[in-house]
Amino acid sequence: MFSDRFYYVKKHFENLENESILPTVQDEYLLNLCEPSRLLDLIFGFIIYDNNIKKVARYQQYFAIKKTIKKISEIK
């Protein structure tokens, strides 16, 4: 596929592989969110279907809701 026509694309991706890329804060959040227990919690409690469209909570929403539930539980 990359032999003739798309050779420039192959070169581009090869150059990207040679660069050192440091993880961003968002990368760290997503990695933490994908911890097995959190991922299962996200799947079972933070996915809704709206007009046959699956919607998943973003990591900010997930952690904010978990923190709010913890505070509410402490108050009771």
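Student: Is Glu14 buried, exposed or partly exposed?

Tutor: In this predicted model, Glu14 counts as partly exposed, with a relative accessibility of 31%.

Student: Which residue does the side chain of Glu14 meet in a salt bridge?

Tutor: The partner is Lys11, and the N to O distance in this salt bridge is 3.9 Å. A distance within 4 Å is required, so the pair qualifies.

Student: How are Lys11 and Glu14 placed in helix H1?

Tutor: Helix H1 covers residues 7–18, and the two residues are three apart within it. Lys11 and Glu14 are therefore separated by about one helical turn.

Student: And what about Lys11, buried or exposed?

Tutor: Neither term applies, because Lys11 has a relative accessible area of 36% and is partly exposed.

Student: How many salt bridges are there in total?

Tutor: The count comes to three. Another of them joins Lys55 and Asp50, whose closest N and O atoms are 2.9 Å apart.

Student: What is the accessibility of Lys55, and what is the relative accessible area of Asp50?

Tutor: Lys55 has a relative accessibility of 38% and counts as partly exposed. Asp50 is partly exposed as well, at 34%.

Student: Which residue forms a salt bridge with Asp41?

Tutor: The side chain of Asp41 meets that of Lys66, with 2.8 Å from N to O. This pair links distant parts of the chain, the two residues being 25 apart. Asp41 belongs to helix H3, residues 36–45, while Lys66 belongs to helix H4, residues 59–75.

Student: What are the relative accessible areas of Asp41 and Lys66?

Tutor: The value for Asp41 is 25%, which makes this residue partly exposed. Lys66 is also partly exposed, with a value of 35%.

Student: Turning to the helices, at what angle do the axes of H3 and H4 cross?

Tutor: The axes cross at roughly 90 degrees and come within 12 Å. H3 is therefore roughly perpendicular to H4.

Student: Which residues meet where H3 contacts H4?

Tutor: From H3 there are Arg38, Asp41 and Leu42, and they meet Tyr62, Phe63 and Lys66 of H4. Asp41 and Lys66, the salt-bridge pair described above, are thus among the residues of this contact.

Student: How many of the contact residues are nonpolar, polar or charged?

Tutor: Three are nonpolar and three are charged, with no polar residues in the contact of H3 with H4.

Conventions:
Residues are numbered from 1 along each chain as its sequence is written. This is a predicted model: local features need pLDDT of at least 70, side-chain atom pairs count only at pLDDT 80 or more; totals for chains, interfaces and linings use all residues. Side-chain values use heavy atoms; hydrogens and water are left out. Helices (H or I, at least four residues) and strands (E, at least two) are DSSP runs, numbered from the N terminus. Buried means under 20% relative accessible area, exposed over 50%, partly exposed in between (1.4 Å probe, protein chains only). Axes are lines fitted to C-alpha atoms, for helices over the stretch in contact, and angles run from 0 to 180 degrees between N-to-C directions. Angles under 35 degrees count as roughly parallel, over 145 as roughly antiparallel, 65 to 115 as roughly perpendicular and the rest as oblique. Contact means heavy atoms within 4.5 Å. Ala, Val, Leu, Ile, Met, Phe, Trp, Tyr, Cys and Pro count as nonpolar, Asp, Glu, Lys and Arg as charged, and the others, Gly among them, as polar.
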